[in-house]
Amino acid sequence: MKKIIAMLLAVLFVCGALAACGGSNSGQSTTSSKADTQATADQAAKDFKAGFIFLHDENSTYDLNFIQAAKQACENLGVECIIKTNIGESNDCKETALDLADQGCGFIFADSFGHESYMIEAAKAYPDVQFAHATGTRAHTEGLSNFHNAFASIYEGRYLAGVAAGMKLNQMIEEGKIKAEEAKIGYVGAYTYAEVKSGYTSFFLGARSVCPSATMEVQFTGSWYDETAEKEAATTLINNKCVLISQHADSMGAPTACEDAGVPDISYNGSTLSACPNTFIISSRIDWTPYLEYAIKATMNGEKIDTDWTGTLATGSVVLTELNEKVAAPGTAEKIEEVKAALEAGTTHVFDTSAFTVKGETLTTYKADVDTDEAYEGDTEVISDGYFHESEYRSAPYFDLDIDGITLLNTAF
């Protein structure tokens, strides 16, 4: 009997040991499996290439903003970043895109409006590669599964920058430097495109929301990047007695003219504080990092990318630079935060139709050119609930109205 009990205990001991060993091996197997999966993901990221096509180089504030985002997004995801700069709005864009595809890039992005048609041609040639384009209008009508447009509600950022401008105008009025009727803003614009009109109008409406007497003059240059022309345009506006300058152009021309003349300036796409410490107030910009991370990650995972993506304040895509307290009016930071909260809550709308008129009339209806055609005819009703719904039916801006209070000094571009 004792022998039988001993034998049974021995069997139980061996079974327990085997079970323990089995459990241990199972744990090691799970841990090993997780490690292998992570290693595979890391290797896939390491092997992935993202290509970028930029109109200019780091000397352009517009392109620098994109370049920094591309590098940051690729670093965050651990993928290879291939950047091509100074690629014109010509067949060079298509050839560069094809070359990036030949180099093994799975995702290719271009940053200028005029790049779009060439990116579409490249997308047709490489259906297995994902192509994305900033500021474009055709992705939602082209019907290509591998071509995408992206932009952001930068009109909200420009509106907030305009609030800072209005606060500065009020300070100048209160200090007796100008009269209320002399609160005239100057704006350097590149072209008369909807993107530029949407930008300067939202900026003006932000300024007027706190300084009702504000008016604005716009001088166009006919170029996204021409330092000489932009400086000359800003100088013309200053000579026209514009007491504050802003811009939608990509060089340091306008900010430099302001610093030379001692005129307050609100720049675009990045801070000019280091070069213009006595006049720079603030700048709005689109942070492209969230979109690029999203689109590259989706490409790597074989997931669908939005055909037309619009970044917002909430996605971290619309941002302001640090405020230069030395130049900004007292209370500006607090006012910006107040208005920003109202925009995010939906209690304030940038293009509230009660805040502006067109030829003396308040708009109740307007058809915008959302589905762009050669005639640029309006095709989509964009006014409802008391405001113009910008960048909701297409990511790229389509606000192209000329509102009262803004004077265009030239319209050839």
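Which residue of strand S10 does Asp265 stand opposite? The partner of Asp265 is Phe280. That pair is a good place to enter this structure, which is a predicted model.

## Strand S10 and its two partners

Strand S10 covers residues 280–286, and three bridges join S10 to strand S9, residues 265–268. Those two strands run parallel, with Asp265 standing opposite Phe280 as one point of register to look for.

S10 also pairs with S12, this time in the antiparallel sense and over three bridges. Here Ile286 of S10 stands opposite Val318 of S12. As for cover, six of the seven residues of S10 are buried, so the strand is mostly covered.

## The seven-stranded sheet

Let us widen the view. S10 belongs to an open sheet of seven strands in the order S12-S10-S9-S8-S6-S7-S17, and the pairing in this sheet is mixed. At the edges are strand S12 (318–320) and strand S17 (406–408), each of which pairs on one side only. Direction ignored, neighbouring strands here are turned by 20 degrees against each other on average.

Further along the order, strand S6 (residues 184–189) and strand S8 (residues 244–248) run parallel and are joined by five bridges. To find the register of this pair, look for Tyr187, which stands opposite Ser246 in S8.

## The six-stranded sheet

There is also an open sheet of six strands, ordered S2-S1-S3-S4-S5-S11, and its pairing is parallel. Strand S2 (80–84) and strand S11 (308–311) are its edge strands, pairing on one side only. The average turn between neighbouring strands in this sheet is 20 degrees, direction ignored.

At one end of the order, strand S1 (residues 49–53) runs parallel to S2, and five bridges join the two. Ala50 has Cys81 of S2 as its bridge partner.

## Nonpolar cores

Which residues have the most contacts inside the largest nonpolar core? They are Phe52, Phe107, Phe109, Trp288, Tyr291 and Leu292, in a core of 91 residues. Helix H6 (residues 154–174) gives the most to this core, contributing eleven residues. Apart from this core lies another, of 19 residues, and among its members are Leu100, Met119, Phe131 and Phe147.

Tyr291 is worth a look of its own. Setting aside neighbours within four places in sequence, Tyr291 is in contact with Phe109, Ala132, His148, Asn149, Ala150, Ile305 and Trp309.

## Helices H3 and H4

Two packed helices are described by the angle between their axes and the distance between the axes. For helix H3 (residues 91–102) and helix H4 (residues 116–125), the axes come within 8 Å and cross at roughly 30 degrees. The crossing of H3 past H4 is right-handed.

On the H3 side, the contact is made by Asn91, Cys93, Lys94, Ala97 and Leu98. H4 contributes Tyr118, Met119, Glu121, Ala122 and Ala125. Met119 appears here as well as among the members of the 19-residue core.

## Salt bridges

How many salt bridges does a search of the whole structure find? The search finds seven, and three of them are described here. One joins Asp402 and Lys197, whose closest N and O atoms are 2.8 Å apart. Asp402 lies in the loop between strand S16 (387–388) and S17, and Lys197 in helix H7 (residues 194–210), so this pair ties together parts that are 205 residues apart in sequence. Asp402 is partly exposed, with a relative accessible area of 43%, whereas Lys197 is buried, at 10%.

Another salt bridge is formed by Lys231 and Asp260, with the closest N and O atoms 3.4 Å apart. This pair also links distant parts of the chain, with Lys231 in helix H8 (residues 227–239) and Asp260 in helix H9 (residues 253–261), 29 residues apart. Lys231 is partly exposed, with a relative accessible area of 32%, and Asp260 is exposed, at 58%.

Finally, the side chains of Arg138 and Glu142 meet in a salt bridge at 3.0 Å, N to O. Arg138 is partly exposed, with a relative accessible area of 30%, and Glu142 is partly exposed too, at 25%.

Terms used. Residues are numbered from 1 along each chain as its sequence is written. This is a predicted model: local features need pLDDT of at least 70, side-chain atom pairs count only at pLDDT 80 or more; totals for chains, interfaces and linings use all residues. Side-chain values use heavy atoms; hydrogens and water are left out. A nonpolar core is a set of buried Ala, Val, Leu, Ile, Met, Phe, Trp, Tyr and Cys residues joined through side-chain atoms within 4.5 Å. Buried means under 20% relative accessible area, exposed over 50%, partly exposed in between (1.4 Å probe, protein chains only). Helices (H or I, at least four residues) and strands (E, at least two) are DSSP runs, numbered from the N terminus. Contact means heavy atoms within 4.5 Å. Two strands pair if DSSP finds at least two bridges between them. Axes are lines fitted to C-alpha atoms, for helices over the stretch in contact, and angles run from 0 to 180 degrees between N-to-C directions. A salt bridge is a side-chain nitrogen of Lys or Arg within 4 Å of a carboxyl oxygen of Asp or Glu. A crossing is left-handed if the near helix is turned anticlockwise from the far one by less than a right angle, and right-handed if clockwise.
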